[in-house]
Amino acid sequence: MYTLIGSPQTRAFRVIWCLEELGLEQGKDYEIVPDAPGGDGIKNVNPSGKVPALVVGDDVIIDSVAICQFLADKHGGLTFPVGSIERAKMDSFIHLAVDEFDHACWVWAKHDWIYPEGLKAENVKPACALEFKKAMQHLEVRLGENKYVMGDTFTIPDILLGQCAGWAERMCKFEIPDGKVADYFKRTARRKGFVKAMRIRNA
Ligand SMILES: N[C@@H](CCC(=O)N[C@@H](CS)C(=O)NCC(=O)O)C(=O)O
């Protein structure tokens, strides 16, 4: 039984979506300890207090991407074999999600409600909106006519990009223009794994 530490409203959502896509069930294969960032529970396993973390027996894995990669490798889904070209290309999409999508949302959040007043800089939020818009354009070109970023196979970067898109729309109010990319996000949001993860998030 895995223990996922982190509230489902945080990046822990990515891990829940990943677990559900891999056919693992809450209560049977994993449990969630819905700690907020900085809480005592998470600080016991991650000195930075950041969520999520996954407890696996006597070990702990920190970072949503590392956790998803571990689960995908272990349960044989959402990824490609280590050393394959597909794996390298998939990893490249993971970096696109983290460097461009996650980063724009995260810096926006820091300058909106996380930092104290004195540290919030004028113009940072519009700069993040611009970065996000550029990232959407990069994604559109790289997606091409594909169903998912790696073609017909749904993989970890689709989870990361989908979670970031929801975050961007809900919290940052970044625009997702109609067209290929919006259709792609709608497609990922129709997946059973996403629907089940959202049910857990909203419970
Ligand atoms: N790269 C890490 C980032 C984790 C992260 O920043 N989590 C946020 C919540 S979604 C957090 O705990 N923030 C508290 C902080 O930055 O102190 C991951 O993907 O797990």
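Which exposed residues does the face of α5 turned away from its buried side carry? In this predicted model, that face carries P126, L130, K134, Q137, H138 and V141. The opposite set, the buried residues of α5, consists of C128, F132, A135, M136 and L139. Seen down the axis of α5, these buried residues fall within an arc of 105°, so they line one face of the helix. The pattern follows from helical geometry: an α-helix has 3.6 residues a turn, so residues three or four places apart point the same way. The cover over the buried residues of α5 includes α4, α6 and α7 (180–189).

The length of α5 (residues 124–143) can be checked as well. At 1.5 Å a residue, its 20 residues should span 28 Å, and the end C-alpha atoms are 28 Å apart, which agrees. After α5 comes G144, whose phi is positive, near 55°.

Helix α3 can be read in the same manner. Its 12 residues should span 16 Å at 1.5 Å a residue, and the separation of its end C-alpha atoms, 16 Å, agrees. Buried in α3 are S64, V65, I67, C68, L71 and A72. Because these buried residues fall within an arc of 160° when seen down the axis of α3, they line one face of the helix. On the other side of α3, A66 and K74 are exposed. The elements covering the buried residues of α3 include α1, β3 (53–56), β4 (59–62), α4 (85–114) and α6. G76 follows α3 and has a positive phi, near 65°.

The domain assignment places these helices in a wider frame. Domain 1 covers 2–78 and domain 2 covers 85–191, and their C-alpha centres lie 21 Å apart. Nine residues from domain 1 and eight residues from domain 2 take part in the contact. On the side of domain 1 that touches domain 2, the elements giving two or more residues are α1 (12–21) and α3 (64–75). That side divides into seven nonpolar residues, one polar and one charged.

Q163 is a useful residue to inspect next. Q163 is placed in helix α6 (residues 156–172), and it touches F13, R14 and W17, leaving aside residues up to four places away in sequence. Q163 counts as buried because 25 other C-beta atoms lie within 10 Å, where the threshold is 20 or more. By contrast, D29 is 134 residues from Q163 in sequence and 22 Å from it in space, C-alpha to C-alpha.

Several backbone features remain. Most residues other than glycine have a negative phi, and most peptide bonds are trans. A cis peptide bond joins V51 and P52, with omega about 10°; P52 lies in the loop between α2 (40–45) and β3. D63 has a positive phi, near 100°, and lies in the loop between β4 and α3. With 16 other C-beta atoms within 10 Å, D63 is partly exposed. L78, in the loop between α3 and α4, likewise has a positive phi, near 65°, but L78 is buried, with 24 C-beta neighbours inside 10 Å.

The ligand brings some of these residues together. Its surroundings are T10, R11, P37, G38, G49, K50, V51, P52, D63, S64 and V65. By class, this shell has four nonpolar, four polar and three charged residues.

Notes:
Residues are numbered from 1 along each chain as its sequence is written. This is a predicted model: local features need pLDDT of at least 70, side-chain atom pairs count only at pLDDT 80 or more; totals for chains, interfaces and linings use all residues. Domain bounds come from an automatic or database domain assignment. Two residues are in contact if their C-beta atoms, placed from the backbone, lie within 7 Å. Helices (H or I, at least four residues) and strands (E, at least two) are DSSP runs, numbered from the N terminus. Ala, Val, Leu, Ile, Met, Phe, Trp, Tyr, Cys and Pro count as nonpolar, Asp, Glu, Lys and Arg as charged, and the others, Gly among them, as polar. A residue is buried if 20 or more other C-beta atoms lie within 10 Å of its own, exposed if 12 or fewer, and partly exposed in between; C-beta atoms are placed from the backbone. A residue is near a molecule or strand if its C-beta atom, placed from the backbone, lies within 6 Å of it. The expected span of a helix is 1.5 Å times one less than its number of residues. The arc is that of the directions from the helix axis to the C-beta atoms.
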